[in-house]
Amino acid sequence: MTVRMVTVKYMLLIYSNPESWASLSAEQREGLARAHHDLTRELTEQGMLVSSAGLADPITTRTVSVADDDSRTTTDGPYAEAKEHLAGFYLVECDDIDQAIDYAARMPDAKYVAVEVRPVMDTSGLEM
Amino acid sequence: MDPDRGGGVGKVMNMELLLREQAPQVLSALVRHYGHFDLAEEAVQEALLAASQQWPTEGVPDNPRGWLIRVGSRRLTDLLRSETARRKREENVALQAAPEEFVATGPEIDEPAGRDDTLTLLFLCCHPALSAASQIALTLRAVGGLTTAQIAAAFLVPESTMAQRISRAKRSIKQAGSTFEMPPEAERDVRMGAVLHVLYLIFNEGYTASSGTNLHSAELTTEAIRLVRGVRRLLPDDGEVAGLLALMLLTDARRPARTDVDGTLIPLAEQDRSRWNRDAIVEGEALVTDALSRTQLGPYQVQAAIAAVHGTAERAEDTDWAQIVALYQVLEQISDNPMVRLNHAVAVAMATGPKEGLALLEPLDSDGRMKNHHRLEAVRAHLLEMSGDVEGARASYMLAARRTTSVPEQNYLKSRADKL
């Protein structure tokens with residue numbers, strides 16, 4: 001009685017911080033671009049890539065919050081006061097979390113800051 | 001209900017099923033004649049598409065399979081020709097097989113009556129070089145005759161992702177040097193196990209889809225049952241094929257009762273059993289009883305036998321838990337799987353008491369495959385609730401709810417905690 005789904009979608013969340021980004025040499029930035037290009041191609045060819053994108057610098061972020069009376073406040077900058085910010089993501093379909101971790105580990109970002117691997121919620125379910 | 005009387009929709013559905021039943025036969029005929037499994041598979045899809053466009057207006061031909069083989073052959077020779085041209089351009093050398101050779105064979109292929117190569121095809125699609133996800137995708141397309149768009153919708157991925165997965169699978173088979181032949185006798189049992197597992201996974205994928213949110217996936221259960229019926233026609237004496245079919249029928253019988261109108265999961269004990277599909281239960285029980293009496297025992301038969309005990313209990317409190325415990329003991333001996341031990345613990349709790357069940361969970365706490373699994377925590381919560389430990393049960397329900405990646409399961413677990 002296996003109850004595991006065949007594949008699970010995982011979000012690979014790439015974290016960065018302004019210092020780590022600023023300290024990259026031109027060569028490292030090229031390496032970063034190449035690694036993501038290769039990874040995207042491989043994941044696409046394998047039929048595992050659902051979606052991926054890089055996010056603009058947090059300096060461009062606007063944060064919106066709505067109060068109980070439905071009034072809206074918009075501020076410049078990210079919601080969380082944190083040194084690290086989300087720099088991009090991959091949504092991939094993997095056999096299991098270990099496979100997803102292996103892909104995350106291939107991103108140079110994992111060396112510079114870190115990559116988070118999180119399962120995506122599913123609308124399927126099993127009677128208990 | 002007579003589907004023909006349903007008017008247009010019924011007719012279209014019938015046409016689709018008729019076409020899809022032909023898919024593995026047409027593909028086998030083309031591969032036997034021309035080889036080139038990957039391109040032949042492409043050609044069959046195009047022939048099926050042509051039929052689905054032409055037949056509704058021009059009528060179904062007298063020999064639908066012959067028509068599909070003819071159109072498929074023509075398409076395949078085109079594909080082979082452009083493939084040859086492409087390779088010629090790439091390699092700039094003349095290839096051994098001139099395109100004329102394909103044309104000379106002509107589109108007429110003699111189809112020996114009664115020959116059915118569906119099994120060979122299944123073995124190829126469930127090739128060990130492929131991941132489970134690829135085996136499933138390829139099986140649904142090549143044997144099930146589903147389109148890439150339909151498969152992608154069922155698995156909630158973009159069509160381009162699924163298309164890549166399928167072509168990758170076909171390339172891997174080619175690279176593994178696999179041909180369109182039955183695997184050697186010595187490998188057959190293991191390979192058959194892989195085929196049955198893939199069919200089981202297809203079923204599971206559909207069964208776990210909640211009714212409201214994901215109708216496409218639910219159709220996978222019907223498709224899996226149809227495919228297993230096909231295998232059973234070819235191997236009527238295989239106990240595990242019968243067992244798997246029985247397991248699917250007995251499980252699927254509960255589908256109308258396992259979710260609310262809004263998709264809320266209803267546990268087995270609380271399901272309205274009058275909504276269970278009686279015909280499926282009767283058929284499943286007969287199948288497993290027959291298999292158990294005359295074939296070699298296997299895990300699908302035992303799981304089907306357990307499902308049959310549930311299926312034939314008129315009320316939840318009539319369930320013969322002692323029998324289920326005995327069946328789980330047998331299952332543990334033939335397939336070592338922590339999920340089986342977890343279910344065994346539930347059965348023991350129901351037959352003897354929650355303390356005995358909880359004791360069986362202890363070894364699972366140190367099992368790497370299970371210790372962080374939400375189902376272990378969910379079972380613990382149920383057993384703690386049974387034993388009257390309200391605080392413990394609530395904590396376990398909440399932990400299980402945080403661990404699951406399923407929205408309906410999370411809602412169910414939260415609501416159990418709220419009710420305490």
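**Exercise 1.** Determine where in chain B of this predicted model His36(B) is found, and decide whether His36(B) is buried, partly exposed or exposed.

*Solution.* Begin with the secondary structure: His36(B) is found in the loop that joins α1 (8–34) to α2 (37–58) of chain B. Next, take the neighbour count, which is 19 other C-beta atoms within 10 Å of His36(B). A buried residue needs 20 or more such atoms, and an exposed one has 12 or fewer. His36(B) is therefore partly exposed.

**Exercise 2.** State how far apart His36(B) and Asp336(B) are, along the chain and between their C-alpha atoms.

*Solution.* Along the chain, His36(B) and Asp336(B) are 300 residues apart. In space, their C-alpha atoms are separated by 40 Å.

**Exercise 3.** Describe chain B by its helices and strands, its buried share and its contacts.

*Solution.* Chain B has 20 helices and zero strands. It comprises 420 residues, of which 42% count as buried. Among contacts in chain B with a separation of 6 or more, 59% are between residues 24 or more positions apart.

**Exercise 4.** Analyse the contact between chain A and chain B, giving particular attention to the side of chain B.

*Solution.* First, count the residues: 24 come from chain A and 36 from chain B. Second, identify the helices of chain B that each supply at least two residues to this side: α6 (132–143), α8 (159–175), α9 (185–208), α16 (338–351), α18 (374–387) and α20 (407–419). Third, find the leading contributor: α8(B) gives the most, with five residues. Finally, sort the residues on the side of chain B that touches chain A: 18 are nonpolar, 12 polar and six charged.

Note on methods: Residues are numbered from 1 along each chain as its sequence is written. Chains are lettered from A and ligands numbered from 1 in the order in which they are written. This is a predicted model: local features need pLDDT of at least 70, side-chain atom pairs count only at pLDDT 80 or more; totals for chains, interfaces and linings use all residues. Two residues are in contact if their C-beta atoms, placed from the backbone, lie within 7 Å. Helices (H or I, at least four residues) and strands (E, at least two) are DSSP runs, numbered from the N terminus. Ala, Val, Leu, Ile, Met, Phe, Trp, Tyr, Cys and Pro count as nonpolar, Asp, Glu, Lys and Arg as charged, and the others, Gly among them, as polar.
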